[in-house]
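Got your viewer open and a selection tool at hand? Here is a short walk through a few places to click on, one stop at a time.

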Amino acid sequence: MNKMWWHKSVVYQVYPKSFYDSNSDGIGDLPGIIKKLDYLAILGIDILWLSPVCVSPMYDNGYDVSDYYAIAPQFGTLEDMDRLIGEAAKRGIAIMMDIVVNHTSDEHPWFIESRSSITNPKRDWYIWRDGATEKLPPTNWESFFTGSAWELDEKTGQYYLHLFGRRQPDLNWENPLVRDEVYRMMRWWLDKGIKGIRLDAIDLISKPERYYDGKDGNTIRGMELWANGPNIDTYLKEMNREVFSLYDVVTVGETSFADTKRAVAFSSPERKEMDMIFQFEHLNLDHEEIDKWERIPLDLVKLKRVMSRWQTELHGKGWNSLYWCNHDQPRIVSRFGSTDPRYRVQSAKMLAAALHLMQGTPFIYQGEEIGMTNAAFDSIEEYNDIDTLNYYTKAVEEHGIERKEALKKINRVSRDNARTPMQWSDEKNGGFTSAEPWLKVNPNCRSINVASALQDKDSVFYFYRKLVQLRRHSPYSDLIAYGDYREFCENNEAVFVYLRTLRDKRILVICSFVEYEVPFSLPFEFKHYKVSVILTNYSDRRELENGMLRPYESIVAELL
Ligand code: TEU
Ligand code: CA
């Protein structure tokens, strides 16, 4: 496999609205991110992924773009963006833009034209169909954000397709003019000096030739028709030819329906599509198959199986992204770790070690590096996310679920869990803003915040920093980036154990996922090896003698 610069990189995701507010309007902004670049440089990351910053009505917080060539005024100006690119570069940090082109906002001029009449030249830039009957939409397809994926436009009497919110109409990728415009826009951003692109919901751009009803029992009704649709590879190869191949850029596609075979097709270097993808299998394990709001306990054996399968099946063929968190997912400590003050720090570190020593490019989501937890708001009024609010309305009004019950589910699952403002200090609003924040700050900012993490050498932050250093520049860098992977103790329900090997070097990663003590002994074949501990989340652990692992204990050891 050819070595690429991003094989040893670590990406940090910023959700601009919630990162740092520099001008006291309660909303994070680009100058705010610039102010915090030194902090990111201490963490040691290479790439800064910015969730969307273009002009948008913010119905879905920027994932609904109305002008691809300008910065949302809430966030700043194009000059601020240029400054951010320059200031980041000074610190060795590349900028990755989040490009949303499965759909636009309904306020995008293209859509305004498109909906103006059936004969408008831009009509065909979006997906318009007649209803199946006078009252029924063209098909039974569902949207990701609850309800039908079709919206009737009263004026022209036709329906438009929106796989996400009602105000996020899907672009018609079959139209070559649409594709050309998208590629032109991507080149414009790359010419500005960005070095990475995250492609939002990119596995949805190819719609089927014929439109008919989807079958029941799938994650989302209709998905077998439009997820990884017939022209997906054609479009991505074209995008690569027209855009990516002309620049030194790293690309990651968000593909929520990819299995490992699909992932190899997307990320294999010979196929020239994308560099890596975000898969979702590991985050789909703690909820019911077709309903993410219905949570079930995590089965560690299943999680290990999924992680190991992605490691082995992409090895030498494609490239993995490694992530626990993003702006759509609840916080990982609240999810696979523990928020109990006795275990929060240890479990956050353990989860970091389990992920970061695998093969792939790790992504850290803002606040993950200090072990931020879910929001747990006590009323629906405190939530902002469109997906959450749609679910609440439907659950309460159509399914008659008790308000309290619906709120309980939301507390665990809502995307706002990830979006509460970054906790910088124990000051008012966690030091995020001196105004009223757009979304409530988690009250635990009193104890969980950047300032105190930086002062405590045993903090989650320094553990992440250590993992970043191990990958980027250490005697283990090559092994972490390119080594083989092998899992041990597959059926152990408490401990995740894997070995990475490169030539005669090997490290063993041992992670306990439970809050009680569990017995652990070195796999038999290593009985006679010398064990040298490289990293551990309990400061008093110096050796790995056979015996017990403490709650959430994690040990990374070289076997010599
Ligand atoms: O998400 C696409 C996607 O697959 C989501 O449906 C995801 O599974 C869901 O949010 C989990 O709750 C992307 C963005 O990451 C998301 O923030 C946007 O809302 C969405 O696209 C529409 O642009
Ligand atoms: Ca601001």
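Start by selecting Asn 23, which is partly exposed, with a relative accessible area of 46%. Keep in mind as you click around that this is a predicted model.

**Stop one: the calcium ion**

Now add ligand 2, a calcium ion, to the selection: Asn 23 coordinates it through OD1. Three aspartates, Asp 21, Asp 25 and Asp 29, each bring in OD, while Ile 27 uses O. Show the distances and you should find them running from 2.2 to 2.3 Å. Read along the sequence and the donor residues of this ion follow the spacing D-x1-N-x1-D-x1-I-x1-D. Click on Asp 21 before leaving: its relative accessibility is 4%, so Asp 21 counts as buried, whereas Asn 23 is partly exposed.

**Stop two: helix 8**

Next, select residues 260–267, which make up helix 8. How many of the eight residues here are buried? Seven are, so helix 8 is largely enclosed by the rest of the structure. Color these to see them: Thr 260, Arg 262, Ala 263, Val 264, Ala 265, Phe 266 and Ser 267.

What covers them? Show helix 7 (232–242), strand 11 (276–278) and helix 9 (300–314), which are included in the cover over the buried residues of helix 8.

Keep helix 9 on screen and hide the other two. The axes of helix 8 and helix 9 come within 10 Å and cross at roughly 40 degrees, so the two helices are oblique to each other. The crossing of helix 8 past helix 9 is right-handed. On the helix 8 side, pick Thr 260, Ala 263, Val 264 and Ser 267; their partners on helix 9 are Arg 309, Trp 310, Glu 313 and Leu 314. By class, that contact holds four nonpolar, two polar and two charged residues. As for the numbering pattern, an α-helix has 3.6 residues a turn, so residues three or four places apart point the same way.

**Stop three: helices 11 and 16**

Finally, select residues 344–356 for helix 11 and 460–472 for helix 16. Their axes come within 9 Å, crossing at roughly 15 degrees; with angles under 35 degrees counted that way, helix 11 and helix 16 are therefore roughly parallel to each other. Helix 11 makes a right-handed crossing with helix 16.

For the contact itself, show side chains for Val 345, Ala 348, Lys 349, Ala 352, Ala 353 and His 356 in helix 11, which meet Val 460, Phe 463, Tyr 464, Leu 467 and Arg 471 in helix 16. Eight residues in this contact are nonpolar, one is polar and two are charged.

Definitions and conventions:
Residues numbered from 1 in each chain as written. Chains lettered and ligands numbered in written order. Predicted model: local features only at pLDDT ≥ 70, side-chain atom pairs only at ≥ 80, totals over all residues. Heavy atoms only, no water. Axes fitted to C-alpha atoms, helices over the stretch in contact; angles between N-to-C directions. Helix = DSSP H or I, 4+ residues; strand = E, 2+ residues; numbered from the N terminus. Parallel < 35°, antiparallel > 145°, perpendicular 65-115°, else oblique. Left-handed = near helix turned anticlockwise from the far one by under 90°. Contact = heavy atoms within 4.5 Å. Nonpolar A, V, L, I, M, F, W, Y, C, P; charged D, E, K, R; others polar. Donors = N, O, S within 2.8 Å, 3.2 Å for Na, K, Ca; no water. Buried < 20%, exposed > 50% of the residue type's maximum accessible area, 1.4 Å probe, protein only.
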